[in-house]
Amino acid sequence: MRRSTTSQKPRGLLLARGIALAGFAGLALSTLMEGNYFLAALFALLSLYYLNKLLRQRDGGPAPQTEARVRTGSLYPAAAKAELAEMLAYYRRLEKGWRNIAIAGWVVTGLMAAFFRTPFILIILALVSYATYAFLRCRKAVSLIEGTVGRAGET
């Protein structure tokens with residue numbers, strides 16, 4: 001039996017948000033203990049943001065469209081185009097969000113490396129690297145979907 005990807009997605013999303021919440025709360029606490037109130041407030045705001053996202057658990061992903069399939073297993077062209085357009089819009093939103101997070105993260109990492117000598121910069125660097133990786137993956141998905149939509153229009 002094959003498991004649906006939609007049932008796995010909220011669990012992974014819940015785990016990722018929980019890890020982000022714990023990480024930012026830990027960073028807020030450690031910077032507060034060091035006496036750096038500005039960064040403690042920044043990390044506390046980020047942890048509150050992820051707490052809010054964790055409590056509101058929404059899945060804005062593309063819904064699977066099973067009605068698009070016919071008995072032979074092929075897709076209706078109009079339904080396939082609509083589903084690809086929906087996926088493209090979703091991944092463009094994701095790409096924009098991850099890009100903004102990555103840019104802000106690299107700026108914060110650069111500022112922290114320049115002004116503060118703390119071992120916690122490695123944690124921040126790991127989080128920013130993940131945000132950059134997620135941005136690049138979303139960018140690749142957008143280019144693949146755009147290529148598929150382009151090829152679907154030619155047939």
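In this predicted model, the side chains of R92 and E146 come together in a salt bridge, with 2.3 Å from N to O. Because R92 belongs to helix α3 and E146 to helix α4 (residues 121-154), the pair ties together parts that lie 54 residues apart in sequence. A search of the whole structure returns one salt bridge. Neither partner falls in the buried class: R92 is partly exposed, with a relative accessible area of 43%, and E146 likewise counts as partly exposed, at 36% relative accessibility.

The setting for this pair is a helical chain. The protein chain holds four helices and zero strands, and its elements follow one another from the N terminus as α-α-α-α. Of the 155 residues in the protein chain, 23% are buried. The surface that the protein chain exposes comes to about 10,900 Å², and carbon and sulfur atoms supply 66% of that area. Contacts across the sequence are well represented here: among those with a separation of 6 or more, 66% join residues 24 or more positions apart.

Helix α3 is a good place to continue. It covers residues 77-115 and contains 39 residues. From its first C-alpha to its last, α3 reaches 56 Å, close to the 57 Å expected at 1.5 Å a residue. The buried residues of α3 include A79, A80, L84, L88 and Y90; E95, A102, G105, T109 and M112 are buried in this helix as well.

Several other residues of α3 show how this helix relates to later parts of the chain. W98 has its place in α3 and is partly exposed, with a relative accessible area of 22%, a value that stays above the 20% under which a residue would count as buried. Leaving aside residues up to four places away in sequence, W98 touches Y130, A131, A134, F135 and C138. The C-alpha atoms of W98 and L136 are 8.7 Å apart, although 38 residues separate the two in sequence.

Two of the residues touched by W98, A134 and C138, reappear in further pairs with α3. L94, also in α3, is partly exposed at a relative accessible area of 26%. Between L94 and A134 there are 8.8 Å in space, C-alpha to C-alpha, and 40 residues in sequence. R93 is likewise found in α3, but it counts as exposed at 53% relative accessibility. The C-alpha atoms of R93 and C138 lie 9.2 Å from each other, with the two residues 45 apart in sequence.

A nonpolar patch can also be seen on the surface. I103, V107, L111, F115 and F116 form this patch, and together they have about 500 Å² of accessible area. One of its members, L111, is located in α3 and counts as partly exposed, at 45% relative accessibility.

Attention now turns to helix α2, where the division between buried and exposed residues can be followed around the axis. This helix takes in residues 37-56, 20 residues in total, and should therefore span 28 Å at 1.5 Å a residue. The C-alpha atoms at its ends are indeed 28 Å apart, in agreement with that expectation. Within α2, the residues L39, A40, F43, S47 and Y50 are buried. Viewed down the axis of α2, the buried residues fall within an arc of 100°, so they line one face of the helix. The other side of α2 carries exposed residues, with Y37, F38, L45, L48 and L55 in that class.

One residue from each side of α2 illustrates the contrast. S47, found in α2, is buried, with a relative accessible area of 10%. Apart from residues up to four places away in sequence, S47 touches L21, F24 and A25. L55 is also placed in α2, yet it is exposed, with a relative accessible area of 66%. A separation of 9.5 Å is found between the C-alpha atoms of L55 and L14, which are 41 residues apart along the chain.

Terms used:
Residues numbered from 1 in each chain as written. Predicted model: local features only at pLDDT ≥ 70, side-chain atom pairs only at ≥ 80, totals over all residues. Heavy atoms only, no water. Helix = DSSP H or I, 4+ residues; strand = E, 2+ residues; numbered from the N terminus. Expected span 1.5 Å × (residues − 1). Buried < 20%, exposed > 50% of the residue type's maximum accessible area, 1.4 Å probe, protein only. Arc of directions from axis to C-beta. Patch = residues over 30% accessible without salt bridge, like charges linked within 9 Å, V, L, I, M, F, W, Y side chains within 5 Å. Areas by Shrake-Rupley, 256 points an atom, 1.4 Å probe, with all protein chains shown as cover. Salt bridge = Lys/Arg side-chain N within 4 Å of Asp/Glu carboxyl O. Contact = heavy atoms within 4.5 Å.
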